[in-house]
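Me: I would like a close look at a single part of this model, followed by some wider context. Please keep the account formal and give the cut-offs for each term.

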Amino acid sequence: MTIDQTATARTTADPEPQTPESAGGCHGGAEKMRAAAEKAGKSAVLDQYAKDYPQGPHDKPQSMCPAFGSLRVGLRMRRTASVLCGSACCVYGLTFTSHFYGARRSVGYVPFNSETLVTGKLYEDIRDAVHKLADPDLYDAVVVTNLCVPTASGIPLQMLPKEINGVRIIGIDVPGFGVPTHAEAKDVLAGAMLKYARTEAEQGPVQAPRGGIRDKPTITLLGEVFPADPVTIGQMLAPMGLAAGPVVPTREWRELYGALDCAAVAALHPFYTSACREFTAAGRAIIGSAPVGYDGTAAWLDAIGERCGIARTKVEAAKNEALPAIAAALATTPIKGRITLSGYEGSELLVARLLIESGAEVRYVGTACPSTPWSASDRDWLQAHGVQVNFRASLEQDLAAVAEFRPDLAIGTTPVVQKAKEETIPALYFTNLISARPLMGVAGAGVLGQLINGAIANKPRFDRMKAFFEDVGEGDNAGIWEDVPPDQQAFRKKNSARRIKADAQKSAKTDKVEGAIGC
């Protein structure tokens with residue numbers, strides 16, 4: 001295969017490629033890797049990420065590798081190939097997690113070493129890989145993702161061909177030091193695909209959606225939702241002469257055209273900043289919040305009707321059809337108890353609203369996602385109901401909320417659930433047990449009551465377990481011992497000092513290497 005050498009030739013004005021060593025290695029720290037990426041020509045990308053995904057006043061939240069989000073979006077799409085370029089340990093972890101969550105497609109991997117990074121050979125390897133994958137009989141698109149080290153080293157995915165044999169090539173950077181959460185990484189890819197599809201639509205006719213073109217104006221649904229939710233939303237929109245459109249992120253490339261060709265966009269999940277920018281460029285209005293609970297559904301239908309110019313009589317007809325059934329469902333299984341809620345999926349505020357309307361006393365909501373214009377109405381509603389709302393919430397803040405409010409049930413991430421159970425507080429994992437359920441309309445109104453009440457009722461079981469295991473100790477003293485375990489604090493301090501000294505020496509060595517490269 002012939003390689004176009006002009007694509008990789010460097011001049012003295014080009015950014016100098018950075019090696020993993022000059023970036024401090026995979027674990028060199030966010031600041032070092034960001035500095036290396038900027039030096040290697042990635043400033044524009046990182047600056048845009050900083051605008052789209054602001055970090056807030058504290059360190060970025062603790063969650064899984066953000067690239068899992070964009071990888072998952074690609075793997076769920078038909079006729080789309082996904083290729084990762086990053087450290088082998090990162091690629092292993094991402095593919096393992098993806099298949100754990102049900103991915104049924106292979107993940108491509110372009111390995112590298114320091115030599116291929118410095119010489120530009122890695123870019124050529126990536127380019128060879130996409131050429132081999134670009135089979136129009138198999139794929140509509142190939143997505144190539146730079147992880148931390150290739151991003152810090154300035155691998156220029158934007159130089160890849162935009163199209164090969166009719167197959168679209170999408171290159172994105174998803175470094176852990178630039179994209180805070182896996183939820184926002186979904187937006188990175190969704191926004192890149194919408195931008196590409198919008199450009200195609202502006203240039204001429206495009207492929208129709210698999211299900212054909214709707215005979216009614218549609219509302220595009222922005223955010224990954226439970227499969228039943230679009231059906232429920234469609235039923236609520238029907239009296240207004242509207243239909244539910246594609247869900248973004250989409251499951252197939254051609255659905256992107258249908259998503260752009262809509263009457264308005266419902267930002268069900270409010271963190272899709274890049275996607276919203278593309279919809280705005282296409283002239284589409286964006287409505288925040290979602291039809292959850294009684295108040296949420298009423299306000300959402302009003303907003304849809306206003307933005308789409310629907311007659312007031314039709315809006316009221318839609319509300320009269322949906323709201324009584326929602327009120328009845330909420331009253332069927334009321335929730336009694338104090339709850340704290342946290343997560344990193346982006347739907348935390350919606351779930352909190354639904355819990356409150358079900359009767360729960362929600363004292364705290366923490367989300368790893370940022371505050372956006374499309375989350376404002378949910379934030380205001382929750383605060384008006386006495387809820388402390390934390391955007392970009394850290395694990396420490398979530399744990400502090402559990403300690404302060406002593407809830408009857410803690411809903412949160414794995415470490416929050418673990419800590420709560422240690423304190424004999426019933427707890428549920430948000431991602432698998434809460435967000436993986438219908439939330440919209442009447443289907444969502446009665447879905448949480450039985451689960452939440454059942455979990456709260458488990459409090460006596462936790463008390464019995466705590467009493468049974470009371471004397472086995474914890475931490476270093478966990479287990480059954482013939483003698484009292486000795487205190488190891490002195491040993492820990494000695495090793496801590498040794499580790500700090502080693503880190504300082506490593507940092508000094510890295511600075512020396514960076515200085516040599518700069519020369």
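Which residues does Ala103 touch, not counting residues up to four places away in sequence?

Reply: Ala103 touches Leu75 and Ser98, with residues up to four places away in sequence not counted; contact means heavy atoms within 4.5 Å. This is a predicted model, in which local features need pLDDT of at least 70, side-chain atom pairs count only at pLDDT 80 or more, and totals for chains, interfaces and linings use all residues. Residues are numbered from 1 along each chain as its sequence is written, and side-chain values use heavy atoms, with hydrogens and water left out.

Ala103 lies in the loop between α4 (88–100) and β2 (107–109); helices (H or I, at least four residues) and strands (E, at least two) are DSSP runs, numbered from the N terminus. From Ala103 to Leu71 the C-alpha distance is 9.8 Å, across 32 residues of sequence.

A second loop position is Asp487, between α21 (459–468) and α22 (489–518). Asp487 has a relative accessible area of 63% and is therefore exposed (over 50%, with buried under 20% and partly exposed in between; 1.4 Å probe, protein chains only). Its C-alpha atom is 44 Å from that of Ala185, 302 residues away along the chain.

Turning to helix packing, the axes of α12 (residues 293–308) and α14 (residues 348–357) come within 7 Å and cross at roughly 125°. Axes are lines fitted to C-alpha atoms, for helices over the stretch in contact, and angles run from 0 to 180 degrees between N-to-C directions. The crossing therefore makes α12 oblique to α14, a class left over once angles under 35 degrees (roughly parallel), over 145 (roughly antiparallel) and 65 to 115 (roughly perpendicular) are assigned. Gly293, Tyr294, Asp295 and Gly296 in α12 meet Arg353, Leu354 and Glu357 in α14.
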